[in-house]
Amino acid sequence: MIVYPNPDLTITNPAAVCEEEVDLASAVTLTNEVEGKAYTKSYFSDAEGKKQLEGGSKVSVSNTYHVQYAYDAKVASGNTCKSEIKPIKVQIDTLSVVAEDVTTCPNMTAKFTAQAKTNVETVTYSWSGPDSDSGTGAEFTTQTFDGDYGASYDYKLVVTAGTCTEPKDLKVS
């Protein structure tokens with residue numbers, strides 16, 4: 001009689017990404033492969049292994065997913081050796097920014113407001129414009145504009161949330 005080992009899996013959680021698909025297979029290493037055996041690789045959305053992922057190993061939403069490898073120990077199927085069901089933590093950051101151009105009058109300031117929709121807790125805002133006018137935060141008040149009626153000034157907003165960065169070009173007129 002030959003006793004085969006259950007598959008042993010080592011998980012390395014993938015690095016966080018920005019709005020990309022993650023292949024769970026890249027997070028799994030089989031540490032004790034039995035030569036000549038065909039492995040079934042199953043990916044689940046639950047820890048019990050009851051809700052198999054429909055898209056195979058590719059996911060596009062942050063979550064803790066689960067994996068299990070198995071193979072038939074006999075030449076004829078019937079005795080299946082299975083790994084433990086192991087978790088894979090996936091962080092897929094999202095970011096959408098709304099900010100609009102603003103208008104003002106000569107010898108006045110202008111106020112920009114930005115809104116970020118994201119699944120990340122910490123969001124940073126960086127504003128820059130003419131004459132070293134810069135600031136941080138979701139709201140930014142510009143320097144006083146001495147220009148004539150109809151003048152236009154370019155500003156740049158860069159919003160960062162986790163691994164996502166979204167630049168916006170804006171105008172004050």
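Is K168 buried, exposed or partly exposed? K168 is partly exposed, and its relative accessible area comes to 23%. Since this is a predicted model, please read the points below as remarks on that model.

1. Let me stay with K168 for a moment. Its salt-bridge partner is E166, and the closest N and O atoms of the two are 3.5 Å apart. This is one of four salt bridges that the structure holds. At 23% relative accessible area, K168 falls in the partly exposed class because that class begins where buried, under 20%, ends.

2. Another salt bridge joins K171 to D154, with 2.4 Å between the closest N and O atoms. You may like to look at where the two residues sit: K171 belongs to strand β17 (residues 164-172) and D154 to strand β16, and the pair links distant parts of the chain, 17 residues apart. K171 has 36% relative accessibility and counts as partly exposed.

3. Strands β16 and β17 turn up again with K156 and D169. The closest N and O atoms of this salt bridge are 3.3 Å apart. Because K156 lies in strand β16 and D169 in strand β17, the pair ties together parts that are 13 residues apart in sequence. How exposed are the two partners? K156 is partly exposed, at a relative accessible area of 34%, while D169, at 62% relative accessibility, counts as exposed.

4. Now to the rings. A search of the whole structure gives nine aromatic pairs. One of them is formed by F145 and Y155, whose ring centres are 6.4 Å apart and whose planes make an angle of 80°, an edge-to-face arrangement. F145 lies in the loop between β15 (139-141) and β16 (153-161), and Y155 lies in strand β16, so this pair ties together parts that are ten residues apart in sequence. If you plan to check the geometry yourself, note that 6.4 Å falls within the 6.5 Å cut-off for ring centres.

5. Are F145 and Y155 buried or exposed? Both residues are buried. They also belong to a wider group: ring pairs link F112, W127, F140, F145, Y153 and Y155 into a cluster.

6. One last contact involves a charge and a ring. The charged end of K37 sits over the ring of Y4, at 4.6 Å from the ring centre.

Notes: Residues numbered from 1 in each chain as written. Predicted model: local features only at pLDDT ≥ 70, side-chain atom pairs only at ≥ 80, totals over all residues. Heavy atoms only, no water. Phe/Tyr/Trp six-rings, centres within 6.5 Å; stacked < 30°, edge-to-face > 60°. Helix = DSSP H or I, 4+ residues; strand = E, 2+ residues; numbered from the N terminus. Buried < 20%, exposed > 50% of the residue type's maximum accessible area, 1.4 Å probe, protein only. Lys NZ or Arg CZ within 6 Å of the ring centre and 35° of its normal. Salt bridge = Lys/Arg side-chain N within 4 Å of Asp/Glu carboxyl O.
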